[in-house]
Structures are given as structure tokens and as C-alpha cells.
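Dear colleague,

Please find the structure below, handed over for your records. My notes on what was found in it follow directly after.

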Amino acid sequence: MSDTTPERSVQGVGVLLSLTALLLAAMLMSLMAGAQWSTPVAVWQALFHPSGLVVEDLLIRTTRLPRTLVAVVVGAGLAVAGALMQTLTRNPLASPGIVGINAGAMFAVVVLVSMFPHAALWAWYGGALGGAALAALLVWMLALRGQSPGGPLRLVLAGAALTALFNAFSQALLVIDQQGLDTVLFWLAGAVSGRPLTHLWPLMAVTLVALMLCWPLARSMNALGTGEAMARSLGVRVYRLQGAIVVLVVALAGACVAMAGNITFVGLVVPHMARRLLPADHRLWLPGCALLGATLLLLADVVGRCVLQPREVPVGVMTALIGAPLFIVMLRRQGRRHG
Amino acid sequence: MVERTLRLGRFSRRFLPTAWARVAALLLVMMLVLLVSLALGRVMLGPGALLEALMNPHAPTGLIVRELRLPRILLAALIGAALGVAGWLLQQVMRNPLASPDIIGVTSGASAAAVSYLAWLAVPLGMAGLPVAAMLGAAGAALAVYTLAWSHGVTPLRLVLTGIGMAAALGAVTTLVLAISPLTTTLSAYVWLTGSVYGANWSDVSSLALWCVALLVPLAALMRQVMLAPLDDALATGLGLAVQRHRAALLALASALAGVAVAWGGAFVFVGLVAPHLARRLSGYSGTAQMVLALLYGALLVMLADLVARTLFLPLDLPAGIFVAALGAPFFLALLIREVR
Amino acid sequence: MATVSAHALMLGYQRRRILDQLELDLPEGKISVLVGSNGCGKSTLLKALARLLSPWSGQVCLDGTDIHQLPTREVAHRLSLLPQQPVAPEGMTVRQLVQLGRHPHQRWLSQWSPDDEHQVARALERTGLEALADQVVDTLSGGQRQRAWIALAVAQNTPLMLLDEPTSFLDMNHQMEVLDLLHELNREEGRTIVMVLHDLNLAGRYADHMVALRAGQVYARGTPAQVMIPERIEAIFGLACRVIEDPCSHTPLCIPLSRQARS
């Protein structure tokens with residue numbers, strides 16, 4: 001994973017700059033989009049010269065701005081979590097959604113909501129983190145341990161089984177506790193809206209810190225891509241690196257699920273798209289995943305806001321509806337290549 | 001684990017006496033659970049009262065036992081049996097003990113169809129159409145997964161991955177319908193998604209039983225081919241198996257079994273995952289015994305789950321699916337973790 | 001007796017052509033070995049002979065009939081196949097594995113006839129696996145495991161056996177163990193054996209008939225002594241070598257020359 005020539009690096013930086021521009025455009029679009037679209041001028045006014053009297057300003061500042069920021073952070077967090085998992089397991093199908101980590105975090109939140117309906121936000125986050133960690137532990141026991149770690153299929157199936165397990169429990173709890181159902185339903189579907197920014201900033205901070213922490217590890221991750229033994233001979237402390245990656249994945253996935261519920265396929269599909277655009281170097285690839293993930297989640301949210309007006313389609317539904325067909329197309333391409 | 005041979009004229013079989021002994025033991029346990037389930041409920045019956053309710057057509061409790069409890073228990077058993085066999089068959093065909101009917105999109109297809117039906121069609125058309133909608137959904141999803149995974153034949157890996165993609169897309173549809181439909185629909189949909197045999201009647205039982213028989217007979221005829229399914233394609237071809245044709249047939253049978261079970265009971269997950277695991281222990285490589293054991297374990301699991309769901313929190317009558325997960329999941333995890341060791 | 005042959009065979013993966021207008025027929029009752037460098041199409045050819053791949057054009061014939069016209073079960077009565085690196089289902093014992101070999105001979109009614117029983121016992125005895133019959137396949141050594149797979153083919157009881165690199169990833173002693181077994185099956189039971197070997201010297205030692213492939217076509221064929229001459233080996237493998245006589249088996253032995261030795 002470190003075949004980076006200087007020219008490729010320059011090219012990669014160029015790609016990152018264009019992705020940044022794309023992200024900014026998507027953010028602007030997300031601030032404009034709604035039942036009534038605002039003009040870019042109105043967005044500018046609302047952000048920098050707000051007048052307390054214009055309804056549109058209020059709408060942009062209190063509704064669209066928070067969900068835009070949440071979508072950016074969650075999209076970046078999930079995409080990077082997926083990329084990290086793919087590096088860790090050297091399995092292109094790994095992602096927090098596929099291996100059941102998202103479902104574990106959701107299950108924990110559902111338990112929390114049905115037992116303590118008025119739990120504070122930090123408790124949600126703690127719960128989500130715990131659930132994510134539990135799922136990570138289980139998937140490790142089921143699929144990655146033992147003499148024969150057993151290829152991509154075992155990991156995927158173990159993840160599917162765990163997802164089924166957690167979902168079954170979540171559903172059971174929701175059937176028993178109907179009030180809880182009402183509280184969490186939209187969140188379960190995956191949503192970036194509906195909660196004020198003041199409640200979310202600790203989670204956003206955690207996600208951003210976790211994203212930053214990837215940077216110093218990126219070079220060692222390149223070495224890990226060549227295999228454990230090779231990485232060790234290149235002077236990487238493999239266990240420590242793997243442990244760090246697991247902690248980062250759990251923190252990212254836990255925080256993102258606590259913020260936005262069940263958003264699938266971002267962690268799976270985005271790393272693949274980024275891999276096509278960028279050279280195989282984690283220092284370029286991971287930022288690329290973050291930018292692309294944020295952009296895609298924003299776009300999914302904008303589309304979700306517009307397609308079924310006056311209702312909103314939860315963004316998690318949108319990502320699955322867009323991501324799943326993409327995933328299947330990817331599989332068919334691969335199948336054709338390998339006969 | 002000593003195999004015996006049975007020969008009668010041209011008929012010949014190998015069989016594992018220990019496995020069939022377990023079949024017999026399980027049948028006994030099932031009879032016991034059946035009797036206990038008949039006796040327990042909001043109206044508790046002693047042995048004498050139960051006997052009277054069963055035998056005497058004019059007994060005051062006869063209606064409860066014969067028209068409410070018995071069909072419900074039998075429906076639970078049939079659903080569990082069908083899911084157990086479907087799961088076992090899929091694990092053979094997919095060559096992986098972690099495969100389950102959810103994997104090939106059957107459950108998610110049925111769920112999406114059933115929830116949409118509950119949201120928009122249940123009021124004009126009534127609840128009788130629900131199983132039909134769920135069956136169509138299951139068949140459609142399974143067919144779509146198979147078609148999308150096809151490229152010079154299907155391989156288990158591609159099938160599973162396509163199935164996961166399909167399950168995610170259909171899950172999103174289900175969630176969408178849930179999110180935009182009124183909360184009353186949502187609740188009944190959630191009950192369906194959890195799996196429940198509440199309100200079962202004799203016509204449900206007879207329809208599902210017919211389906212099960214219709215699907216199990218061809219399966220019994222194909223049992224030899226099922227036992228070759230876990231081999232590499234090259235080996236199986238070398239042994240004279242038309243691999244792709246049989247794979248398609250077995251997948252169709254498994255999907256249909258899971259589909260009809262889900263149609264009448266809702267999305268019971270886990271039965272198809274846990275029951276085959278229990279069956280595989282101690283039953284060697286003998287196909288028929290393993291299948292029968294998966295069938296019985298599945299039936300027993302759902303029967304027990306429904307018994308608990310209906311009696312533990314009286315007067316509440318909870319969906320059985322809750323307890324399938326609660327009873328099955330720890331078992332499943334324990335088995336898997338031990339297997340990995 | 002059964003023979004397999006190929007006529008004007010064209011075959012490949014995707015757009016890439018692997019076999020090009022290949023003509024081949026193989027002697028009955030002999031050990032034929034396909035050799036060639038990596039990517040020359042020898043494994044592809046074996047798969048085509050075993051009907052695992054369908055040709056683009058041309059045909060593979062089993063006893064003179066197009067193999068794809070015959071029912072696959074009928075083919076399985078005449079031809080058995082051991083693929084490269086086969087994997088046994090988890091937890092399966094040697095006996096269970098060998099019993100699978102009886103599949104083509106069984107019917108729904110009769111799934112364990114006296115003949116089935118006899119053939120399985122004979123296959124286990126033939127391959128010296130009686131003592132290991134109830135061991136789980138995964139726990140065996142490489143050589144034992146390969147013998148178990150050969151036992152499966154023996155139980156299938158076909159006049160023709162196709163094997164794809166039966167010795168790959170085995171230690172030298174296990175390679176000999178497997179090849180000796182195949183040699184016995186050929187000499188004592190008259191089975192026709194067709195296999196791919198990547199070790200030219202082992203091929204030279206055990207082959208009655210050697211077929212060398214190059215660029216998807218048969219480049220040379222005949223006895224090892226006819227095929228293994230330095231000029232031909234250089235053309236097949238791109239390898240400078242000297243050929244001497246094996247002092248034990250009196251078959252040709254190829255000694256590759258290093259770059260230093262050549263100059």
C-alpha cells in the first residue's frame with residue numbers, strides 16, 4: 001500500500017483539493033435545501049449578518065446549519081471507520097455496518113432508552129460506545145480468532161449474524177416498550193436532524209479528535225497493508241497499532257451512531273470510491289474517505305429532504321437505497337473480473 | 001458414533017443410531033411441551049381438566065384448548081420446523097455454518113412486503129392477504145438476489161454478499177415505510193417484524209402444514225445431493241452432480257420454506273441460525289437425521305418461546321419472537337465461541 | 001477402459017485465450033503427465049478434460065463422444081477428478097469422505113449397497129488408510145490427506161483418473177508417497193491416470209507418456225526420454241539445462257543451469 005511516486009502524490013493532493021471544493025459546495029447546498037430553497041445570498045446573510053426578524057435566517061441557523069454540520073462529521077467519521085476496518089482486517093468488505101458494530105451501538109441505545117427514558121446525552125454516547133465495543137469484541141471472537149480466520153465470507157456472515165442478534169433484541173425491546181419506540185423510531189432509521197447543536201458538540205468533538213488521531217498512524221497503516229509479518233519486519237509495533245485502530249473504529253462508530261442512528265453503507269462504499277480516486281497511501285486515502293463520506297452523506301440528506309415532500313426520508317434510508325445497489329454493482333464488476 | 005446399515009431388498013441406507021435416538025428423545029420432549037402449553041395460559045388447567053377439555057366436546061374449557069391454544073402451538077411448531085430446515089439447507093448450500101434465511105434476502109423481502117401491506121392495504125383488504133404479500137415479497141427478493149448474483153453460475157460468496165446488499169436495501173424500504181406510516185401501523189408492523197403466532201387458527205395451521213409437506217417431500221428426494229453441496233464445485237461435478245442446477249433447486253426450496261414460515265409467523269430471526277447448530281452436534285455427517293433434528297429443534301424453540309411469551313408476563317401476551325431471540329442468542333453465541341476454539 | 005481426447009479445443013477466461021486449437025489424445029492404461037511452465041494452460045486443459053470448463057469451440061471426447069453431450073452422472077462413472085487443493089467440509093472423517101465417492105453409483109432407493117460398502121473398504125485398504133478411517137480429515141498430515149482424496153477417487157472406481165497437481169505443497173517424502181500410490185493403481189488395476197505435475201523430474205520419473213504444453217498448444221509429446229531433451233526443455237520452460245540419466249530409475253533427469261554456469 002505504499003506505491004506512491006512523487007507525481008502520484010501531487011496528483012493525490014490535487015484530488016483532495018477538488019474533493020474539498022466539492023464538500024464545500026455540498027455544504028452550501030445543504031444550507032439552501034428545504035421545502036423552500038434559499039438563495040446562496042440568503043445563506044451568506046443568515047450566517048454572517050443574521051437579522052433576528054427574518055424567518056429564513058432562523059431556519060438556516062437553527063435547523064439547516066446543525067444538520068449540515070452533523071452530516072459532515074458523521075459522514076466523515078463513518079467513512080474513515082470503514083476504511084480503518086478494511087485496513088485492519090485486510091478485507092475489502094469490512095465496515096462497521098457490515099460487521100455489526102453499528103447494530104451493537106443501536107442496541108445499547110435502545111436498551112438505555114427503554115430503561116431510562118430521560119437519560120442524558122452523555123449516557124447515550126456511553127451506551128453507544130459500550131455497544132460498539134461489545135459488538136467489536138464478539139465479531140473478533142466469532143470471525144477473526146482461531147487457527148483459520150477464514151476469509152472474507154466468515155467475517156461478513158459473523159457480522160450478519162450479530163446484526164440479526166442485536167436487531168432482534170432491539171425490536172423485542174421496542175415492542176415491549178411502546179413509548180420508547182416513539183422516541184427512537186426516527187433516530188433508528190438514521191437521521192442527522194432534530195437535535196440542537198448544543199447537545200451534540202461533545203460527540204462531534206470526539207469524532208473530530210478520533211479523525212485527527214488517524215493522521216500520525218497513517219504511515220504505519222501503510223506498512224500493515226503488506227501483512228502483519230512484513231509490517232513487523234518494517235519496524236511497526238503491530239499489536240499496538242491494531243489496538244489503536246480498534247479503539248478508533250469503536251469511538252468513531254459509537255459516536256456517529258449516537259449522533260445519527262443507523263446509517264449504513266457509507267463505511268463500506270466510500271473507501272472503495274476513494275481507492276479509485278487516490279493512490280494507495282493512507283495519508284491521502286483516509287482524508288479522501290473523510291471528504292467523500294461527508295459529501296455523500298450531505299447529498300443523501302439533501303435528496304432525502306426533497307424527494308417525498310412534505311415528509312422527510314431519513315438519511316439512513318437514503319444511504320442504504322443508494323449504497324446497496326452500488327454495492328451490488330461493485331460485486332458484479334468484481335465477479336466479472338475474476339471469472 | 002457407530003454407523004449401522006439398513007438393507008431391505010434393494011433399499012439400503014446408512015444411519016447413525018445415536019442421532020435417531022436423539023430424534024426420538026426430542027419428539028418426547030415436544031409432546032411434553034405441547035401438553036404443558038395446552039394446560040398453561042390465562043386459564044390454568046390441571047391434568048384432569050386438560051384431559052376433559054381435549055376429550056369432551058362439551059367441556060367449558062374445550063374451546064380455549066382446542067380452538068385457541070392447540071392451533072397456536074401447532075402453528076408455532078410448523079413455523080419453527082420450516083425455518084430450522086431452511087436454515088440447515090442454506091448452511092449446507094452456502095458451505096458456512098453462519099448462513100441463515102436472512103442472508104439471501106427472504107426475511108427482508110417478506111418484511112418489506114408485509115410492512116407495506118400493513119401500512120396501506122390492511123385496512124381496505126383485511127388481514128387475510130398478509131401471508132400472501134409476505135410470500136410474494138420473500139419470493140421476489142430471493143429471485144432478485146439469485147439473478148443479481150448470477151454470472152456464469154452463482155457462487156456462495158457472491159450470493160451471500162448480494163443477499164446482504166439486498167437485505168440492506170429492503171431493510172431501508174421497511175424503515176422508510178415505518179417512519180412515514182402512522183404509529184398504530186408501526187406497532188403492528190413491529191410485532192410482525194419480531195415474529196408472533198398470536199391469534200392463530202386451524203386454517204392457518206392446515207395451509208402452512210400443506211406448504212411444509214409440499215416442500216419437504218422434494219427435499220427428502222434430493223437429500224443425497226444436499227450432502228454433496230458442502231464440497232467444492234469441482235469435486236461435486238467430478239462426482240456427477242449438476243452443480244448449478246441442484247444449487248438453484250435447493251436454494252428455491254430453502255427460500256420457499258423460509259418464505260412460507262415467515263408469511264404466517266412474521267420475521268422470526270435466529271431459528272434458522274440456531275436450530276441447525278444444535279442439530280449438527282453429535283449427528284455426524286448423516287444428512288436425513290441432521291435435517292430432522294434441525295426441524296425438531298426449530299419447532300421446539302418456537303414452541304417454547306411462544307409458551308414463555310404467552311405465560312410469563314400474564315396478562316400480557318407478548319410476541320414469541322422476543323423469546324426466540326432471548327432463548328436462541330445466548331445458545332448461538334456459546335456454540336459458536338466453542339466451535340472457534 | 002476409457003480414454004479422453006481433445007479436438008481443436010479453444011478455451012479461455014473472459015477474453016483471454018488460454019488453449020488454442022489444441023489437439024490431444026492420450027494412451028489408455030498409462031500414466032500421462034501434463035507439464036509446462038506457469039500459465040501455459042495445463043491446469044485449464046485438465047479442467048476442460050474433466051468437463052469443468054466448457055470449450056469456446058472444438059470438443060473434448062470421452063470414449064469418442066462429446067463429454068458435454070453425456071449426462072454428468074454417466075461421465076462420473078468413467079472419470080474421476082481430484083482438483084488442486086481440495087477442501088473437506090469441516091469435521092468430516094476419512095471414511096465419510098471416501099463414502100462420497102460412491103455418489104454416482106447410488107440411487108435414491110439404494111444408498112448403501114453391499115457393493116458400495118465393499119468399494120469403500122477396498123479404497124481405504126488400497127491407500128493404507130484403514131487405521132486412520134475415523135480420523136477427521138483436517139487433522140491428517142499433508143500426505144495422508146492427499147491419500148484420503150485419492151481414496152475417494154478410488155472408491156468412485158472409474159477407469160480414468162484425472163489429478164491436478166496432486167503433489168503441490170507436499171514435502172518430498174509425501175510427494176513420493178502419493179506418486180507411488182498412483183503408480184500402483186495404474187500398474188496393478190490398469191487405471192488410466194492423467195495428471196498435471198509441476199516438477200519436471202518427478203514427471204519424468206513416473207510418466208509413461210509426457211505432454212508438454214506451450215502457449216496453449218501441445219509443443220511436444222512422447223516418452224519422457226523423447227520430450228526431455230535440453231533444446232525442448234529450453235523452449236518449454238525458457239530454462240537452460242543439462243539432461244542426465246537418473247542412476248536409480250534410468251529416467252531422464254533435468255539439471256537446471258544457473259546463469260553463472262552457462263557463461
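**Sheets of chain C and the contact of chains A and B**

Leu79(C) lies opposite Leu160(C), a residue of β7(C). Please note that this is a predicted model. The two leucines belong to a parallel pairing, in which β6(C) and strand β7 (residues 160-164) of chain C are joined over 4 bridges.

This pairing is part of an open sheet of 6 strands in chain C, with the order β6-β7-β8-β3-β9-β10 and mixed pairing. The edges are taken by β6 (79-82) and β10 (217-222) of chain C; each has a single partner strand, so one side of each is left without a neighbour in the sheet. From one strand to the next, the twist averages 15°.

Two helices of chain C lie across this sheet. Helix α1 (residues 42-49) of chain C crosses β3 (31-35), β6, β7, β8 (192-196) and β9 (209-214) of chain C, and runs at about 145° to β7(C). Helix α6 (residues 172-189) of chain C lies across β3, β7 and β8 of chain C, running at about 150° to β8(C).

Chain C also holds an open sheet of 4 strands, ordered β2-β1-β4-β5, with antiparallel pairing. Its edge strands are β2 and β5 (65-66) of chain C, each of which pairs on one side only. Helix α1(C) packs on this sheet as well, where α1(C) touches β1, β2 and β4 (57-62) of chain C and its direction makes about 120° with that of β1(C).

Within the 4-stranded sheet, strand β1 (residues 4-13) of chain C and strand β2 (residues 16-25) of chain C pair in the antiparallel sense over 6 bridges. Leu9(C) has Leu22(C) in β2(C) as its bridge partner, and Tyr13(C) is partnered with Arg16(C) of β2(C). The hairpin of β1(C) and β2(C) has 2 residues between the strands, and Gln14(C) takes a positive phi near 50° there.

A further antiparallel pair in chain C consists of strand β11 (residues 241-245) and strand β12 (residues 252-256), over 5 bridges. Here the bridge partner of Arg242(C) is Ile255(C) in β12(C). The hairpin that β11(C) and β12(C) form has 6 residues between them, and His250(C) in the turn has a positive phi of about 60°.

**Contact between chain B and chain A**

What does the contact between these two chains consist of? Chain B gives 49 residues to the contact and chain A gives 46 residues. Between them, chain B and chain A bury about 4100 Å², with 81% of that area on carbon and sulfur atoms. The elements giving two or more residues to the side of chain B that touches chain A are α5 (130-149), α6 (156-180), α7 (183-194) and α14 (320-340) of chain B. Of these, α6(B) provides the largest share, 17 residues. By residue class, the side of chain B that touches chain A comprises 39 nonpolar, 7 polar and 3 charged residues.

How many salt bridges and polar contacts are there between chain B and chain A? The count of salt bridges between the two chains is 0, while 2 residue pairs, both at pLDDT 80 or more, are in polar contact.

**Salt bridges**

Over all chains, a search of the whole structure finds 24 salt bridges. One of them joins the side chains of Arg67(A) and Asp301(A), at 2.8 Å from N to O. This pair links distant parts of the chain: Arg67(A) is in helix α3 (residues 55-89) of chain A and Asp301(A) is in helix α12 (residues 282-307) of chain A, 234 residues apart.

With kind regards

Technical notes:
Residues are numbered from 1 along each chain as its sequence is written. Chains are lettered from A and ligands numbered from 1 in the order in which they are written. This is a predicted model: local features need pLDDT of at least 70, side-chain atom pairs count only at pLDDT 80 or more; totals for chains, interfaces and linings use all residues. Side-chain values use heavy atoms; hydrogens and water are left out. Contact means heavy atoms within 4.5 Å. Buried area is the accessible area (1.4 Å probe) that two parts lose on being put together, summed over both. A salt bridge is a side-chain nitrogen of Lys or Arg within 4 Å of a carboxyl oxygen of Asp or Glu. A polar contact is a pair of N or O atoms within 3.5 Å; within protein, one must be able to donate a hydrogen and the other to accept it, and residues adjacent in sequence count only if both atoms are side-chain atoms. Ala, Val, Leu, Ile, Met, Phe, Trp, Tyr, Cys and Pro count as nonpolar, Asp, Glu, Lys and Arg as charged, and the others, Gly among them, as polar. Two strands pair if DSSP finds at least two bridges between them. Axes are lines fitted to C-alpha atoms, for helices over the stretch in contact, and angles run from 0 to 180 degrees between N-to-C directions.
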